[in-house]
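Here is a walk through one protein chain, from its overall build to single residues. Keep the 3D view open as you read.

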Amino acid sequence: MSDDGYATLGRGYARLRRPDPRIARVIADALGPARSVLNVGAGAGSYEPAGRRVLAVEPSATMIAQRPEGSAPVVRAVAERLPVADRSFDAGLAVLTTHHWTDLAAGLAELRRVCGRQVVLTWDTAVSDRFWLVERYVPEMGRRERSLATLDAALDVLRGLGARPEVIPVPVPADCVDGFTGAYWRRPEAYLRPEVRAAMSGLTLLDQRYLATAMDRLADDLATGRWHDEHGHLLELDSIDLGYRLVTT
Ligand SMILES: C[S@@+](CC[C@H](N)C(=O)[O-])C[C@H]1O[C@@H](n2cnc3c(N)ncnc32)[C@H](O)[C@@H]1O
């Protein structure tokens, strides 16, 4: 993706992509005792921990403009060329961003050069492919995402760089407040709203006629009760594993 691939994608992002407190806790635990954190692909600042020295790195002016007043300082740069000195941060954080990088290996090598440990939130496409939205309505998104820099690629690169990454599953709460693609697994009607879909790059980057047909089918299945027949058992769950994984080194 170009430096400002989020110029259009990112409009209105901060309203729908707010940090979820349960996911924030998992991330804060993974950051451990780190007193300084470099947040790469920082967007509007979700999951930047309080009480630590934080510097955000973000290439998109549209995203930088949505950082709330009083949030951490930000430099406009890409993961592949971090404008910071070796070992200048205790930890590097990359939340749902590696799949946008033009060069995953270069970005993770930079993160290792600059930060003592790395904390990367991404996802396992082998699991996300089975999410009902992907499997039944937008398999094309699943196909596309299999070629992106997600879990397997990140693990390969980190191991190649000599790290021993650990992988922590990050379940998605039923009332997840961060509107990423899997957030509305128990609120299927939400996917019918264009403004909700606009905060999800996986759906936004699909052919929009294909997406419209898929959403018509979802609307129909919700109206006829077919969705509930097939997936109604999910309504009993409080959280679910959709493949989101936190990689820590
Ligand atoms: C889905 S958003 C995630 C933002 C934030 N981490 C969050 O959790 O809300 C992906 C972000 O990655 C940024 N990005 C895209 N290419 C990048 C690159 N090469 N290096 C660093 N960030 C990049 C985008 O501009 C966007 O802000």
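The tour below starts with the whole chain and ends at the ligand.

This is a predicted model. The chain has 13 helices and nine strands. Its radius of gyration is 18 Å, close to the 18 Å that the globule rule gives for 249 residues, so the chain is as compact as a globular protein of that length. Along the principal axes, the C-alpha trace spans about 60 × 35 × 30 Å. Of the 249 residues, 44% are buried. Now take the contacts between residues with a separation of 6 or more. Residues 24 or more positions apart account for 69% of these contacts.

Next, find the sheet. Seven strands form an open sheet with mixed pairing. Read across it and the order is E3-E2-E1-E4-E5-E9-E6. Strand E3 (74-75) and strand E6 (166-169) are the edge strands, because each pairs on one side only. Look at the E6 edge. E6 and strand E9 (residues 244-248) run antiparallel, and four bridges join them. One residue pair to pick out there is Ile168 and its bridge partner in E9, Leu246.

Now turn to the core. The largest nonpolar core has 67 residues. Leu38, Leu93 and Ala154 have the most contacts inside it. What does Leu38 contact, leaving aside its neighbours within four places in sequence? Its partners are Leu55, Val57, Val84, Phe89, Gly92, Leu93, Val114 and Cys115.

One of those partners, Val114, is also a buried residue of helix H5 (residues 104-114). The other buried residues of H5 are Leu104, Gly107, Leu108, Glu110, Leu111 and Arg112. An α-helix has 3.6 residues a turn, so residues three or four places apart point the same way. The buried residues of H5 pack against three strands and a helix: strand E1 (36-40), strand E4 (89-95), strand E5 (115-123) and helix H9 (151-160).

Ala14 is a contrasting case to check. This residue lies in helix H2 (residues 13-16). Is Ala14 buried or partly exposed? A buried residue needs 20 or more other C-beta atoms within 10 Å. Ala14 has 18, so it is partly exposed. Not counting residues up to four places away in sequence, Ala14 touches Ala44 and Gln66. The C-alpha atoms of Ala14 and Ser147 are separated by 27 Å. Along the chain, these two residues are 133 residues apart.

Finish at the ligand. How many residues surround it? There are 23, and the closest are Gly41, Gly43, Ala79, Thr97 and His100. The shell around the ligand divides into 12 nonpolar, eight polar and three charged residues.

Methods. Residues are numbered from 1 along each chain as its sequence is written. This is a predicted model: local features need pLDDT of at least 70, side-chain atom pairs count only at pLDDT 80 or more; totals for chains, interfaces and linings use all residues. A residue is near a molecule or strand if its C-beta atom, placed from the backbone, lies within 6 Å of it. Ala, Val, Leu, Ile, Met, Phe, Trp, Tyr, Cys and Pro count as nonpolar, Asp, Glu, Lys and Arg as charged, and the others, Gly among them, as polar. Helices (H or I, at least four residues) and strands (E, at least two) are DSSP runs, numbered from the N terminus. A residue is buried if 20 or more other C-beta atoms lie within 10 Å of its own, exposed if 12 or fewer, and partly exposed in between; C-beta atoms are placed from the backbone. Two residues are in contact if their C-beta atoms, placed from the backbone, lie within 7 Å. Two strands pair if DSSP finds at least two bridges between them. A nonpolar core is a set of buried Ala, Val, Leu, Ile, Met, Phe, Trp, Tyr and Cys residues joined through C-beta atoms within 7 Å. The radius of gyration is taken over C-alpha atoms; the globule rule is 2.2 Å times the number of residues to the power 0.38.
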